[in-house]
Amino acid sequence: MAAAPKGRGDVTATLPALLAALQAGVLVVGPSGPYRTIGDALAAARPGDTVRVAPGIYRERPVVQRPVVLLGAPGAVIDGGGEGVVVRIDAPATVRGFTIRGSGTDQSYEDGGILAGGAHGLVVEENRFEDVLFGIYVKQSDDVVLRHNVIEGKDLPLPLRGDGIRLWYSRRGRIEDNRVWRVRDVVIWFSDSAEIRRNRVSDSRYGLHYMYSNHNRFEGNAFVANDVGAFIMYSDDIWFRGNLFAEARGTTGRGLGFKDADRITADSNVMIKNAVGISIDNSPHSAGVTNRFSDNVVAYNDVGVALLPSVHSNDFAGNQFVDNVQPVRVSGGGTARANRWIGNYWSDYAGFDANRDGYGDTPFVLQRLSDDLLAKHDALELFQLSPAVSALNTLGRVLPVLQPQAVVVDSSPRIASAPPADEGGAAAPAAAVAFLAVAVLVLAATPHFRRATRRPR
């Protein structure tokens, strides 16, 4: 049998797509268009059509049941009138360019801006969500793209809010360049192989609430002024790079937390001004597994790294621990020496570098009497910055009999906050992260920056 001419199979395969594109139509919605409501246009649309919506306020709650492009011109507003879900999507559609506002407030009915189910390949981009309970809720929909959206939750007490973004049983999602604030959480549950990049979440409970999801990547996100920056539970193979976890305060304040999480890689992130920078509970939990933390900046936190006594097999290398009240705490007492600490910078290291190789000639040993007491008795935290605590630490150094066991020993501590240049003269990645940390501190001190990042327009 003769072989098909080169390229013929490709052309044949694309003919249905080309025919569909040629047959696709544009349905115009607006005061002067053939359709006065979005719902009427969607009912008339065929797969592949574009429903183009003119500026104006459309007081309706449309349902998208076909693979169409729903395109809003600048000034196009879909207003749900304070009831139910504003836009419901049951097909692989694209929704772009709208202000979507005014959902209901019933969490049991998942009221919100967009509720999508079974919408594989859905794209939601360049929309603004206002006064919504849930922002974008996607369930059982693979290969979705959520990008360049601005989501503002309802003005409700924190326990009554909905989630800004929720990904539920949805694989290979891409969540990129979204701005979310005044919601409950951003949720990713039972959703593998997702990519989450350059999002900013603030003024919420969990910047990221994450469970039972594997092989996901987080890069360049900012979780600022939430109760918890991000918490990862019951998940495997998670990669963090270049993220900011800042200003998670209060009794639950955690910049980045882990529980029962395996094969974590956290590289070149900044944890700054949190109650706890990194919190680790039973992670890793599988035998023979290591979690790796490298080239991160952990600075100006009450506690840099908090671990439970049984935590082991975490590798901390090349990180910078800068002016944390407690660099490392083992909750309830004990040591963190079942984990590896090597080549980190510790701002309270008092050693020397006689051979000028960039690393201390003696180990860094974290061994403060006050840390041991604070770890065992939480009620004493009230006094952790008092002169009494300083005097107690001095007494522990003078009288070795009072010295507790070492919590951390770093056999090769870095002597300077920026690592030595490599042979080509280029600084290692942590130097760039340190610069980012300083920049964040300077910018955060300006009222204009804080207003702009909390309520962008």
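Me: Why is N149 called buried?

Reply: In this predicted model, N149 has a relative accessible area of 0%. Buried means under 20%, so N149 counts as buried.

Me: Where along the chain does N149 sit?

Reply: You'll find N149 in a loop, with strand 14 (145–147) on one side and strand 15 (150–153) on the other.

Me: What makes the link between N149 and V124 a polar contact?

Reply: A polar atom of the N149 side chain lies 2.9 Å from the backbone oxygen of V124. The cut-off for such a pair is 3.5 Å, so 2.9 Å falls within it. The N149 side chain also reaches the backbone oxygen of R147, at 3.1 Å.

Me: Which residues does N149 touch, not counting those up to four places away in sequence?

Reply: Among them are V124, E125, E126, N127 and F129. I136 is on the list too, along with D177, N178 and R179.

Me: Okay, on to the cores. Which residues touch the most other members of the largest nonpolar core?

Reply: That would be I89, F258 and V328, in a core of 77 residues. Strand 27 (residues 254–267) gives the most to this core, with 5 residues.

Me: And what is I89 in contact with, leaving aside neighbours within four places in sequence?

Reply: Its partners include V64, V95, I114 and L115. A116, G117, A119 and L122 are in contact with I89 as well.

Me: What other core lies apart from the largest one?

Reply: There's another of 11 residues, and V224, L244, A246 and A299 are among them.

Me: How much of the chain is buried?

Reply: Of its 457 residues, 49% count as buried. As for what is exposed, the chain shows about 20400 Å², and carbon and sulfur atoms supply 56% of that.

Me: How many helices and strands are there?

Reply: The chain has 6 helices and 39 strands.

Me: How do you know how confident the predictor is?

Reply: pLDDT gives that confidence on a scale from 0 to 100. The mean for the chain is 86, and 78% of the residues reach 70 or more.

Me: Where does pLDDT stay under 50?

Reply: One such stretch is residues 1–22, for which the model has 0 contacts beyond four places in sequence. Residues 445–457 are below 50 too, but that stretch has 20 contacts in the model beyond near neighbours in sequence.

Key
Residues are numbered from 1 along each chain as its sequence is written. This is a predicted model: local features need pLDDT of at least 70, side-chain atom pairs count only at pLDDT 80 or more; totals for chains, interfaces and linings use all residues. Side-chain values use heavy atoms; hydrogens and water are left out. Contact means heavy atoms within 4.5 Å. Helices (H or I, at least four residues) and strands (E, at least two) are DSSP runs, numbered from the N terminus. Buried means under 20% relative accessible area, exposed over 50%, partly exposed in between (1.4 Å probe, protein chains only). A polar contact is a pair of N or O atoms within 3.5 Å; within protein, one must be able to donate a hydrogen and the other to accept it, and residues adjacent in sequence count only if both atoms are side-chain atoms. A nonpolar core is a set of buried Ala, Val, Leu, Ile, Met, Phe, Trp, Tyr and Cys residues joined through side-chain atoms within 4.5 Å. Accessible areas come from the Shrake-Rupley method with a 1.4 Å probe; for residues, only the protein chains shown count as cover.
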